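I opened my notebook to look at the empty spaces and the nonpolar cores of a protein. Here is what I looked up, entry by entry.

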Amino acid sequence: MKKKIFSGVQPTGNLHLGNYLGAIKNFVDLNNDTQNECIFCVVDLHAITVSQNPKQLKSNIYETVATFVASGIDPQKSTIFNQSQVSAHSEVAWILSCVARMGWLNRMTQFKEKAGKDKEKASIGLYSYPVLMAADILLYDTTHVPVGEDQKQHLELCRDVAQKFNNDFEVKDFFKAPEPLIKKEFSRIMSFKDGLKKMSKSEVSDLSRINLTDDKDQIINKIKKAKTDTLPLPSKIEELEKRPEAKNLIGIYSSLTNNTFQKTIDEFAGKNFSEFKNNLSDVVVNEINPISLKIKELLEDKDFLKKILKDGNEKANEIASKKVKEIHKIVGF
Ligand code: AMP
Ligand code: TRP
């Protein structure tokens, strides 16, 4: 049976190595398997759950499309579209928000992290964000969702929403509960400034992450400045547990060379970080530099990017509007 793949990325700028290794690289592999039907969405409705500059948002939407294509997603094979342009997403998010329970949303750790101490001041959208994400996924009868580890809880909520809707309205199997596709070994890339914090678009210091638009010199400089400890590289995996920065860099190297942690450790055990960092720089530059050059080239051709979205929006709208009609009937509208 064909796998139906769906995933989304927020157009909030600064797409980085964490987005790439945690999500986008997997999108590319899934896109290359002809057994799969893939849909990749630029989720601008999710982006506005925190305040955005409208001009910047618009340019970030194009940059996200350019990043997808530059990374190797083929718009002829996969559908790339823009969430706000397919109105089914907002509409079904509302219907599903009447199915999802407050208690379920209250458990979401990402909301707690993003809202910070003053929850009263967070937007309602930020709170109900996972319900919109469930609508995204369920509208396309998605079977598999490739995401980074931080989205696991949101996918569990999506499965719960699907099941409750099917039960409440007695429509067995109407919504398909999707499976997450999360990398097993190294699914969370950490900040270059603090090995206990996730690499993130919003961290103030640009040195904390490798952006997919960074040039060769920026990449080399950031890896040189990345925080490490003073010990040489270990010979056993267990020793990495207390050395988060070392673990992160070894993980990135392993991920990009398609090797296990153990193989990388065997290669570098006892060597010092400056030697390891030179090797790591080569590997990151090799992978990211061609993407960064391609993004810049694609951003010069706005018409091409607009056409990708126009075609994608049409395709997505065709599928989603059929599902909405069925939902209307089930609900009694
Ligand atoms: P976002 O930028 O929040 O829209 O995330 C897009 C995708 O990248 C999602 O699948 C995230 O789980 C993934 N992602 C974001 N940050 C990281 C990270 N530091 N490590 C691994 N995956 C990440
Ligand atoms: N919430 C996801 C993130 O922040 C983005 C997203 C929105 C998504 N809708 C989705 C991911 C549907 C997978 C499927 O990373």
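**Cavities**

I began with the empty spaces in this predicted model, and I found 4 cavities of 30 Å³ or more. The largest cavity has a volume of about 50 Å³.

Next I asked myself which residues line the largest cavity. I noted M108, Q110, F111 and K114, then L126, Y129, P130 and H154. I sorted this lining by class and got 5 nonpolar, 2 polar and 1 charged residues. I also checked the helices: α6 (109-115) and α7 (124-138) each provide at least two of the lining residues.

**The largest nonpolar core**

I then turned to side chains that pack with one another. My reminder to myself: nonpolar side chains in soluble globular proteins tend to be buried together.

The largest nonpolar core here has 58 residues. Which of them touch the most other members? I wrote down F68, I252, F276 and V284. Helix α12 (residues 273-299) gives the most to this core, namely 10 residues. I wanted to know where this core lies with respect to the domains, and it lies between domain 1 (3-186 + 302-331) and domain 2 (206-297), because both give residues to it.

I picked I252 for a further look. Leaving aside neighbours within four places in sequence, I listed its contacts as L17, L21, F186, I189, F192, L280 and V284.

**A second core**

My last entry is on a second, separate core, which has 44 residues. Among them are A100, L126, V131 and V161. I had met L126 before, in the lining of the largest cavity.

Definitions and conventions. Residues numbered from 1 in each chain as written. Chains lettered and ligands numbered in written order. Predicted model: local features only at pLDDT ≥ 70, side-chain atom pairs only at ≥ 80, totals over all residues. Heavy atoms only, no water. 1 Å grid on protein atoms, 1.4 Å probe; cavity = no way out; pocket = protein on both sides within 12 Å on 5 of 7 lines; lining within 4 Å. Points joined across faces, edges and corners; volume = space filled by probe spheres on them. Helix = DSSP H or I, 4+ residues; strand = E, 2+ residues; numbered from the N terminus. Nonpolar A, V, L, I, M, F, W, Y, C, P; charged D, E, K, R; others polar. Core = buried A, V, L, I, M, F, W, Y, C linked by side-chain atoms within 4.5 Å. Buried < 20%, exposed > 50% of the residue type's maximum accessible area, 1.4 Å probe, protein only. Domains from an automatic or database assignment. Contact = heavy atoms within 4.5 Å.
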